[in-house]
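Good morning, colleagues. Please look at the entry on the screen while I go through the contacts within it.

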2 protein chains.
Amino acid sequence: MRQTKRDELVRKALETFYRNGFHATGMDLVAAETGVSKTSMYKHFRTKEDLIVAVLRLRDENFRNWLYRRMEELADTPREQLIAMFDALEEWFAEPGYKGCMFIKASSEYQESDHPIHRQSADHKSMLEAHITQLADRAALADPGTLARQLLLLKEGAIVTAHLGHTDNPAQDAKAAALQVLDAHTR
Amino acid sequence: MRQTKRDELVRKALETFYRNGFHATGMDLVAAETGVSKTSMYKHFRTKEDLIVAVLRLRDENFRNWLYRRMEELADTPREQLIAMFDALEEWFAEPGYKGCMFIKASSEYQESDHPIHRQSADHKSMLEAHITQLADRAALADPGTLARQLLLLKEGAIVTAHLGHTDNPAQDAKAAALQVLDAHTR
DNA sequence: GACATAATGAACTGATCGGTACACCTTGAT
DNA sequence: ATCAAGGTGTACCGATCAGTTCATTATGTC
């Protein structure tokens with residue numbers, strides 16, 4: 001039952017890393033912002049990178065749960081849920097602290113493809129792809145694998161474009177494109 | 001004519017920052033890899049961030065020149081050139097040292113939207129958007145502004161997906177989606 | 001040959017980096 | 001009352017960070 005303190009550390013570290021970046025955030029700042037002593041932090045995690053991996057695991061769980069739930073709340077059929085993904089994204093982009101995708105940023109700061117942090121980020125994207133493919137399949141759409149990857153290209157594009165901030169409403173641009181791509185996969 | 005040394009510094013610093021990341025690269029490493037003494041570096045640029053801005057300016061020039069030229073080489077009509085963008089991207093992704101988009105990474109490491117580095121990155125994307133919009137207009141396609149933004153969403157998505165590396169050929173997935181989006185904008 | 005300009009190497013500053021050492025405190029179960 | 005587990009605060013380690021100082025060396029112009 002004493003998992004609490006460790007969980008709190010990871011939860012608050014997530015916010016700090018998300019807001020501040022990985023290399024730009026020192027472990028002293030993490031300690032200060034989580035309220036957990038450096039000594040304890042290093043009892044739970046041997047290195048900073050281990051902590052980041054744990055943070056990404058939590059982020060993966062949170063984000064996928066949120067996105068899947070929101071898609072189901074916004075639409076009833078699998079086909080409509082695929083499109084609703086972009087309305088969910090629009091909500092996310094509108095949040096005050098929106099700072100892009102944590103996994104894209106993580107893989108940008110830890111670039112070697114065999115680095116645990118990079119791998120963890122790629123795994124997150126793979127799990128998303130599997131879920132969306134399954135949804136496209138249930139919607140009886142042609143070539144569900146390709147379709148899922150294409151919808152996710154639009155998603156990733158919208159995420160980084162929303163973060164760059166040079167464009168008004170990338171989520172709705174993506175949604176319109178998604179409708180057209182989805183039409184092309186309808187027999 | 002003595003612009004040479006400064007140019008060489010910026011050119012080589014670009015490689016170092018691209019390969020290594022921004023925060024992860026110290027100025028001592030930049031000095032070592034460029035062969036320019038730290039003293040000289042700081043005569044040309046007051047701060048590290050000033051150097052990074054100069055690097056991004058060069059990158060913007062190089063990348064836009066390369067992409068526009070390649071699109072023209074690969075296709076004759078504006079419409080075909082829009083699609084050829086994704087073949088050009090595929091070539092880029094296949095290069096040995098491919099490490100994603102320098103501007104996405106820069107804006108991820110300098111997140112505040114009014115930071116000069118973030119601004120510079122957003123400006124690069126805006127200039128791309130203007131060019132692609134113009135091309136869509138010359139191709140007599142409906143709603144060229146929206147179409148351009150949608151094609152660029154696919155481009156950004158393909159860039160980050162290629163860097164994550166969990167997918168086979170994001171450039172061709174994007175190209176297929178682009179064809180469908182483009183069809184929808186054909187009257 | 002004198003002179004300004006540009007560049008160099010190397011040592012240095014104070015701050016911060018990731019990570020450790022150590023002595024102390026709190027908690028709950030026995 | 002005791003004991004172990006988990007947590008704390010503080011000071012510290014050597015390395016590296018961005019940026020500076022300074023004396024020296026090329027370079028080309030007049």
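**Protein, DNA and the axis between the copies**

I begin with the surface near DNA strand D, whose residues divide into 3 nonpolar, 9 polar and 3 charged. Before I go further, please keep in mind that this is a predicted model.

Which residues come closest to DNA strand D? Of the 15 residues that surround the strand, the closest are A:Thr39, A:Ser40, B:Met27, B:Lys38 and B:Lys48. Sugar and phosphate make up 51% of the strand D atoms that come within 4 Å of the protein.

Three individual distances illustrate this surface. On the chain A side, a polar side-chain atom of A:Ser40 is placed 2.7 Å from a phosphate oxygen of strand D. A:His44 also addresses a phosphate oxygen of that strand, with a side-chain N or O atom at 3.2 Å. From chain B, by contrast, B:Lys38 has a polar side-chain atom 2.3 Å from a base oxygen of strand D. The elements that give two or more residues to this surface are helix H3 (38-44) of chain A and helix H3 (38-44) of chain B.

I turn now to DNA strand C. This strand is surrounded by 15 residues, and the closest are A:Met27, A:Lys38, A:Lys48, B:Thr39 and B:Ser40. Of the strand C atoms within 4 Å of the protein, 51% belong to sugar or phosphate, while the rest belong to bases. The residues near strand C divide into 3 nonpolar, 9 polar and 3 charged.

Here, too, specific atoms can be named. A:Met27 uses its backbone: an N or O atom there lies 2.7 Å from a phosphate oxygen of strand C. A:Tyr42 and A:Lys48 use their side chains instead. For A:Tyr42, an N or O atom of the side chain is 3.0 Å from a phosphate oxygen of strand C. For A:Lys48, the corresponding distance to a phosphate oxygen of strand C is 2.5 Å. Once again H3 of chain A and H3 of chain B each supply at least two residues of the surface.

Next, the relation between the protein chains. How many degrees of turn lay chain A on chain B? A turn of 180 degrees, with a shift of 0.0 Å along the axis, superposes them with an RMSD of 0.0 Å. The two copies are therefore related as by a two-fold rotation axis. Within chain A, the C-alpha nearest this axis belongs to A:Gly157, at 2.0 Å. The same surface serves both copies, since 100% of the contact residues of chain A recur in chain B.

That brings me to the interface itself. In it, 42 residues of chain A are in contact with 42 residues of chain B. The area buried between the two chains is about 3,300 Å², and carbon and sulfur atoms give 62% of it. On the chain A side, A:Gln111, A:Leu153 and A:Leu164 lose the most area to chain B, together 21% of what that side buries.

As for polar interactions, 16 residue pairs are in polar contact across the interface, both partners being at pLDDT 80 or more. Which helices of chain A supply at least two residues each to the side that touches chain B? They are H1 (4-20), H6 (102-109), H7 (116-138), H8 (144-164) and H9 (170-184). H8 of chain A gives the most, with 12 residues. By class, the side of chain A that touches chain B has 15 nonpolar, 18 polar and 9 charged residues.

The count of salt bridges between chain A and chain B is 2. In one pairing, the side chains of A:Arg149 and B:Asp173 meet in a salt bridge at 2.6 Å, N to O. Over all chains, a search of the whole structure finds 26 salt bridges.

A further salt bridge lies within chain A, where the side chains of A:Glu73 and A:Arg70 meet at 2.6 Å, N to O. Both residues lie in helix H4 (residues 48-74) of chain A, 3 residues apart, about one turn of the helix.

I close with helix H4 (residues 48-74) of chain B, which holds B:Leu58. Leaving aside neighbours within four places in sequence, B:Leu58 is in contact with B:Val10, B:Arg11 and B:Leu14. B:Val10 is 48 residues away from B:Leu58 in sequence, yet their C-alpha atoms are 7.7 Å apart in space.

Note on methods
Residues are numbered from 1 along each chain as its sequence is written. Chains are lettered from A and ligands numbered from 1 in the order in which they are written. This is a predicted model: local features need pLDDT of at least 70, side-chain atom pairs count only at pLDDT 80 or more; totals for chains, interfaces and linings use all residues. Side-chain values use heavy atoms; hydrogens and water are left out. Contact means heavy atoms within 4.5 Å. Buried area is the accessible area (1.4 Å probe) that two parts lose on being put together, summed over both. A salt bridge is a side-chain nitrogen of Lys or Arg within 4 Å of a carboxyl oxygen of Asp or Glu. A polar contact is a pair of N or O atoms within 3.5 Å; within protein, one must be able to donate a hydrogen and the other to accept it, and residues adjacent in sequence count only if both atoms are side-chain atoms. Helices (H or I, at least four residues) and strands (E, at least two) are DSSP runs, numbered from the N terminus. Ala, Val, Leu, Ile, Met, Phe, Trp, Tyr, Cys and Pro count as nonpolar, Asp, Glu, Lys and Arg as charged, and the others, Gly among them, as polar. A residue is near a molecule or strand if one of its heavy atoms lies within 4 Å of it. Copies are superposed by least squares on the C-alpha atoms of residues with pLDDT of at least 70 in both.
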